Amino acid sequence: MEKVRCGWCLSSDLYKKYHDEEWGTPVYDEETLFEFLILETFQAGLSWITILNKRENFRVAFDHFDYQKIALYEDSKIEELLQDAGIIRNKLKIYSAVTNAQAFIKIQEELGSFSNYIWQFTNAKTVDNRPKTLKEVPATTLLSDAISKDLKKRGFKFVGSTVVYAYLQATGIINDHILDCWTRR
């Protein structure tokens with residue numbers, strides 16, 4: 001018998017694997033939090049499956065999402081990335097990856113970790129919206145609005161409320177798995 005899953009992930013095996021193994025699972029380690037931040041910012045205006053299909057290419061192109069290295073990227077590396085057909089070759093998004101790595105490090109220096117920063121918005125607890133259907137899942141909330149505003153104030157780019165909400169879902173800060181989804185068992 002087929003597992004009941006959230007309807008958004010049914011179109012491919014890659015989507016199902018991501019849904020089953022990652023989406024909505026709480027993330028605390030810095031490397032994964034940064035990886036999702038970069039992937040979500042590149043996803044802005046595109047479908048998530050596009051990003052998932054290119055994820056391994058992103059991983060190689062962006063030094064395995066090593067934010068210490070990315071923060072130091074120079075124009076020559078950015079030009080190299082702009083020629084890489086395996087990733088999204090948007091100049092503003094590529095530059096934002098560098099800016100966001102630098103801002104990520106500043107938060108670590110200020111608060112000890114990015115994990116401390118991002119989880120403070122929910123008092124270190126997952127927000128479980130318990131939606132019955134996908135129609136009940138919003139694109140933004142007051143929480144994503146507040147985090148987006150704070151990230152922008154700290155110099156982050158491509159972190160509008162919709163991107164932030166998707167990031168919160170991806171990293172398990174928000175659980176929007178529908179009530180019938182097998183992952184809730």
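## The largest pocket

A pocket here is an open set of grid points where a 1.4 Å probe fits, with protein on both sides within 12 Å along at least five of seven lines. Its volume is the space filled by probe spheres set on those points. With that in hand: this is a predicted model, and its largest pocket comes out at about 300 Å³.

So who lines it? The residues are W8, Y15, Y18, W23, E40, Q43, W48, L134, V137, A166, Q169 and A170. Sorted by class, that makes 9 nonpolar, 2 polar and 1 charged residues. Helices α1, α2 and α9 each chip in at least two lining residues, and α9 gives the largest share, with 3.

## Salt bridges around α2 and α3

The model holds 13 salt bridges in total. Take R55 and E22 to begin with: their side chains pair up with N and O 2.7 Å apart. That's a long-distance link along the chain, since R55 sits in helix α3 (residues 48-61) and E22 in the loop between α1 (13-21) and α2 (30-43), 33 residues apart. The two ends don't share a solvent setting: R55 is buried at 9% relative accessible area, while E22 is partly exposed at 25%.

Then there's R59 with E35, a salt bridge with an N to O distance of 2.6 Å. R59 belongs to helix α3 and E35 to helix α2, so this pair ties together parts that are 24 residues apart in sequence. Both ends count as buried here, R59 at 19% relative accessibility and E35 at 9%. The cut-off for buried is under 20%, so R59, at 19%, makes it into that class. Zoom out a little and these pairs turn out to be part of something joined up: E22, E35, R55, E56 and R59 are linked in a network of salt bridges.

## Another bridge, between E110 and R154

Further along the chain, E110 and R154 form a salt bridge too, with their closest N and O atoms 2.9 Å apart. Again the partners come from distant parts of the chain: E110 is in helix α6 (residues 91-111), R154 is in the loop between α8 (142-153) and α9 (161-170), and 44 residues separate them. R154 is partly exposed, with a relative accessibility of 25%.

## Cysteines without disulfides

How many disulfides does a search of the whole structure find? The count is 0. For C9, the reason is plain distance: the closest cysteine sulfur, in C6, is 6.3 Å away, too far for a bond. C181 isn't in a disulfide either; its nearest cysteine sulfur is also that of C6, at 3.9 Å. The cut-off is 2.5 Å between sulfur atoms, so the 3.9 Å gap doesn't qualify.

Both of these cysteines are tucked away from solvent by the numbers. C9 is buried at 0% relative accessibility, and C181 is buried at 0% as well.

## Two buried spots: F42 and S115

F42 sits in helix α2 and is buried, with 0% relative accessibility. Setting aside neighbours within four places in sequence, F42 is in contact with I51, F58, F62, I88, K93, I94 and A97. One of those partners, F58, is 16 residues away in sequence, and the C-alpha atoms of F42 and F58 are 9.9 Å apart.

S115 is in helix α7 (residues 114-120). This serine is buried too, with a relative accessible area of 8%. Leaving out residues up to four places away in sequence, S115 touches Y28, E30 and L33.

## Positive phi in the loops

If you like checking backbone angles, have a look at H64 and R130. H64 isn't a glycine, yet its phi is positive at about 55 degrees. H64 belongs to the loop between α3 and α4 (67-70). Is H64 buried or exposed? Exposed, with a relative accessible area of 57%.

R130 has a positive phi as well, about 50 degrees, and isn't a glycine either. R130 is found in the loop between β1 (127-128) and α8, where it counts as partly exposed with a relative accessible area of 48%.

Conventions: Residues numbered from 1 in each chain as written. Predicted model: local features only at pLDDT ≥ 70, side-chain atom pairs only at ≥ 80, totals over all residues. Heavy atoms only, no water. Buried < 20%, exposed > 50% of the residue type's maximum accessible area, 1.4 Å probe, protein only. Salt bridge = Lys/Arg side-chain N within 4 Å of Asp/Glu carboxyl O. Helix = DSSP H or I, 4+ residues; strand = E, 2+ residues; numbered from the N terminus. Contact = heavy atoms within 4.5 Å. 1 Å grid on protein atoms, 1.4 Å probe; cavity = no way out; pocket = protein on both sides within 12 Å on 5 of 7 lines; lining within 4 Å. Nonpolar A, V, L, I, M, F, W, Y, C, P; charged D, E, K, R; others polar.
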